[in-house]
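Me: I would like to learn how to read the features of a structural model. May we go through one together, step by step?

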Amino acid sequence: MNVLFLFYVNGRNGYDGHHPPCGPGCLLCLGRAVARPVFARKAYRRRRARELCPQLTFVGGHFKDYQRLGDAAIKVLGDFTPLVERISIDEAFADVAGCTHLFGSPADIARAIRRRVRAELGLPISVGVARTKHLAKIASQVAKPDGLVVVDPHAELDFLHDLPVELMWGVGPVTKARLAEIGVLTIGQLAKMPGRSLGQLLGPAAGEKLTALAWNRDPREIKTHRRAQSAGAQSAIGKKLAEERVFRPTLAHLADRIGTRLRAKSLAGRTVTVRVRFADLHSVTRSITLDAPISATVSLAEIAEELMRAILAHHASEKYISLLAISVSHLEKDPGLQLEFSLGLENEGRRPGTKRGIARCTADRAVDTIRDRFGWAAIGYGSVALGNFSSVPDEFRELAEHDL
């Protein structure tokens, strides 16, 4: 029987220790009791944060360091077992059942890894040890910010069922609120709900999945090499009017990020999906599957705009949007290029084999080459530049962004 554990590498929280006390409105001086309820609800822009706390000290991110430290922590894990599945920049699953004869029990291995990461990288890490992926992840959350939780195989449900339901995979703020309305606050309460009732509340697929996880039924195994299923990017934009001048540059920016990542890996995709989150936090998605896979930035942006307009046309009562996302799926590696005659069709530019399609691909390659040499900001597409976006390095986003 496999023993799995998930670990988190815990870095600093962005507060540099030099922020002076500044009264009852300060979001840092009051610590978690204020910071979590206020900032967890929505992302404040710098201007709003400065209004709330004039003495606030802003500390910039160091994404190359995050990448380096995350890689180093994964390397420590790999010194104990080859069965490591990385799921983000600072999280990974590991199957240690086959190496206990070398390094001791799973708990001993977890303690050894924590000691090494602390000694070699100067970072605390949180580790959860359990027999399934879902339970190991929950145990690591319980272990935060710097601890170790080992779940006794004979008391798994006793441990799991007393925990709050929001610790489960797939239970976000909206699902948590829906469950709270019917009095479901713990994982144990969810486990005892009739399957039909849960399916009516959350949908059949989600209800079935959550019920299985609530009873610790999780047959997933470690996947050390995962083929990319999709490439996605999203942008939280605050509360903005659902107008073209808002969504068009944002979608162009997202298409630029995704197209660049696809081309860097010689990938192209057939299905383009757009997700819109409105001001009331409910989301809508719409997708289209194409005849030929694409990775051209301009083509992705055009398709995303059309999908966005279709969403807004069917939700005319929604006046504000808070998040936009694009994903490209049904990916193909090194797709063959089928040349096509020009037939004067309106969407010819999106077909890679047409004259316009080839021109777009050529332009993309030129942009990619310049960026590889001089950096992302050296050149861009007009609609993206007009949006005046600032973005973290794309290498970080590849680990930080999950499939949509």
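Reply: Let us begin with contacts: two residues are in contact when heavy atoms lie within 4.5 Å. The model before us is predicted. In it, Val-276 touches His-282, Ser-283, Val-284, Met-308, Ile-311, Ile-321, Leu-323 and Leu-324, leaving out residues up to four places away in sequence.

Me: To which nonpolar core does Val-276 belong, and how many residues does that core have?

Reply: A nonpolar core is a set of buried residues of nonpolar or aromatic type joined through side-chain atoms. Val-276 is among the residues with the most contacts inside the largest core, which has 32 residues; Met-308, Ile-321, Leu-324 and Ile-326 are named with Val-276. Two or more residues each come from strand 6 (230–241), helix 12 (244–264), strand 7 (267–278), strand 8 (283–294), helix 13 (297–314) and strand 9 (320–333). A separate second core holds 28 residues, including Ala-136, Val-149, Leu-202 and Leu-210.

Me: Which residues of helix 6 are buried?

Reply: Burial is judged by relative accessible area, and under 20% counts as buried. In helix 6 (residues 133–143), 9 of the 11 residues meet this description. They are Lys-133, His-134, Leu-135, Ala-136, Lys-137, Ile-138, Ala-139, Ser-140 and Ala-143. Across the protein chain, buried residues make up 42% of the 404 residues.

Me: With which residues is Asp-218 in contact, leaving aside its neighbours within four places in sequence?

Reply: Asp-218 is in contact with Thr-132, Lys-133, His-134 and Leu-213. Asp-218 lies in the loop between helix 11 (204–214) and strand 6, and it counts as buried because its relative accessibility is 9%. A polar atom of the Asp-218 side chain lies 2.9 Å from the backbone nitrogen of His-134. In addition, the side chains of Asp-218 and Arg-220 are joined by a polar contact of 2.7 Å.

Me: How should I read a pair of aromatic rings, and how many such pairs does the structure hold?

Reply: A pair of aromatic rings is described by the distance of the centres and the angle of the planes. The structure holds 2 aromatic pairs. In one of them, formed by Phe-93 and Trp-169, the ring centres are 5.9 Å apart and the planes stand at 50°, so the pair is tilted. The pair links distant parts of the chain, 76 residues apart: Phe-93 is in strand 3 (residues 91–95), and Trp-169 is in the loop between helix 7 and helix 8 (173–181).

Me: Are Phe-93 and Trp-169 buried or partly exposed?

Reply: Phe-93 counts as buried, at 1% relative accessibility, whereas Trp-169 is partly exposed, with a relative accessible area of 26%. A ring may also face a charge: Lys-239 lies over the face of Tyr-320, at 4.8 Å from the ring centre.

Me: Where is confidence lowest and where is it highest in the protein chain?

Reply: pLDDT is the predictor's confidence in each residue. Its mean is lowest in helix 1 (residues 32–39), at 36, and highest in helix 7 (residues 156–161), at 95. For the protein chain the mean is 78, and 76% of the residues reach 70 or more. Residues 384–388 have pLDDT below 50, and this stretch has 5 contacts in the model beyond near neighbours in sequence. Residues 390–396 also stay under 50, with 13 contacts beyond four places in sequence.

Definitions and conventions: Residues numbered from 1 in each chain as written. Predicted model: local features only at pLDDT ≥ 70, side-chain atom pairs only at ≥ 80, totals over all residues. Heavy atoms only, no water. Core = buried A, V, L, I, M, F, W, Y, C linked by side-chain atoms within 4.5 Å. Buried < 20%, exposed > 50% of the residue type's maximum accessible area, 1.4 Å probe, protein only. Helix = DSSP H or I, 4+ residues; strand = E, 2+ residues; numbered from the N terminus. pLDDT = per-residue confidence, 0-100. Phe/Tyr/Trp six-rings, centres within 6.5 Å; stacked < 30°, edge-to-face > 60°. Lys NZ or Arg CZ within 6 Å of the ring centre and 35° of its normal. Polar contact = N/O pair within 3.5 Å; in protein donor to acceptor, adjacent residues only side chain to side chain.
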